[in-house]
Amino acid sequence: MSAPAPSLRSTQTRRPVLETPVRTTRTTAARPPRTSPPHRDRARRGSPFAFWILVAVVAAALILGIASLSALLVQASFQLDDLRSTLASLEQQHEVLREQVAADSSPQRVMQWARQRGMQMPERVVLVHLPASEDAG
């Protein structure tokens, strides 16, 4: 006689037995204590004295630059005022000279100037009419 065959259902429903039980709750891991960094990090970053010297130099350079730009602006303003006053006096002188030219170029003035130099008006004026030339267009 032969032995009965094992059923497939019984093998599928069996679970293997674990040697250690599985935890279902989570616990936090212990953290190592915090320690202050060693002093060699400070040496690696540089000294704070050098940093403050650098800050002072940069601040002084900025202040000097701003002061020099302000001085240049004031100087340009004074030059502009001088140029405006010079322009006003030159415009006034131009008007005086224009009036003088207008007065000196009047026909009465020219005639007076010519008589003082011994010039006279011609007694007889002759007009000459020239024929138009073919080249004159």
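Me: What pattern does the chain follow, read along the sequence?
Reply: Going along the sequence of this predicted model, you get α-α-α-α. That fits the tally of four helices and zero strands.

Me: How much of the chain is buried?
Reply: Of the 137 residues, buried ones make up 1%. To land in that group, a residue has to have under 20% relative accessible area. The chain exposes about 14800 Å², with carbon and sulfur atoms supplying 61% of it.

Me: What makes Phe 51 and Trp 52 an aromatic pair, and why is it called edge-to-face?
Reply: Two rings pair if their centres lie within 6.5 Å, and here the distance is 5.2 Å centre to centre. The planes sit at 70 degrees, and over 60 counts as edge-to-face, so that's the label for Phe 51 and Trp 52. A search of the whole structure turns up one aromatic pair.

Me: Why is Trp 52 called exposed, and why is Phe 51 called partly exposed?
Reply: The exposed label needs over 50%. Trp 52 comes in at 56%, so it counts as exposed. Phe 51 has 46% relative accessibility, which lies between the 20% and 50% cut-offs, so partly exposed it is.

Me: How do you know that Arg 109 and Asp 104 meet in a salt bridge?
Reply: As a rule, side chains of opposite charge can pair when their charged atoms come close. The cut-off is 4 Å from nitrogen to carboxyl oxygen, and Arg 109 and Asp 104 have 3.6 Å, N to O, so the contact qualifies. By this rule the count is one salt bridge.

Me: Are those two partners, Arg 109 and Asp 104, buried or exposed?
Reply: Neither label quite fits: Arg 109 is partly exposed at 33%, and Asp 104 is partly exposed too, at 38%.

Me: Which residues form the nonpolar patch on the surface?
Reply: Phe 49, Ile 53 and Val 57 do, with about 320 Å² of accessible area together. Patch members need over 30% relative accessible area; Phe 49 has 63%, so it clears that bar and also counts as exposed. You'll find Phe 49 in helix 3, residues 48-104.

Definitions and conventions:
Residues are numbered from 1 along each chain as its sequence is written. This is a predicted model: local features need pLDDT of at least 70, side-chain atom pairs count only at pLDDT 80 or more; totals for chains, interfaces and linings use all residues. Side-chain values use heavy atoms; hydrogens and water are left out. Helices (H or I, at least four residues) and strands (E, at least two) are DSSP runs, numbered from the N terminus. Buried means under 20% relative accessible area, exposed over 50%, partly exposed in between (1.4 Å probe, protein chains only). Accessible areas come from the Shrake-Rupley method with a 1.4 Å probe; for residues, only the protein chains shown count as cover. Rings of Phe, Tyr and Trp (its six-membered ring) pair if their centres lie within 6.5 Å; planes under 30 degrees apart count as stacked, over 60 as edge-to-face and the rest as tilted. A salt bridge is a side-chain nitrogen of Lys or Arg within 4 Å of a carboxyl oxygen of Asp or Glu. Patches are made of residues with over 30% relative accessible area and no salt bridge: like charges are joined within 9 Å, nonpolar side chains (Val, Leu, Ile, Met, Phe, Trp, Tyr) within 5 Å.
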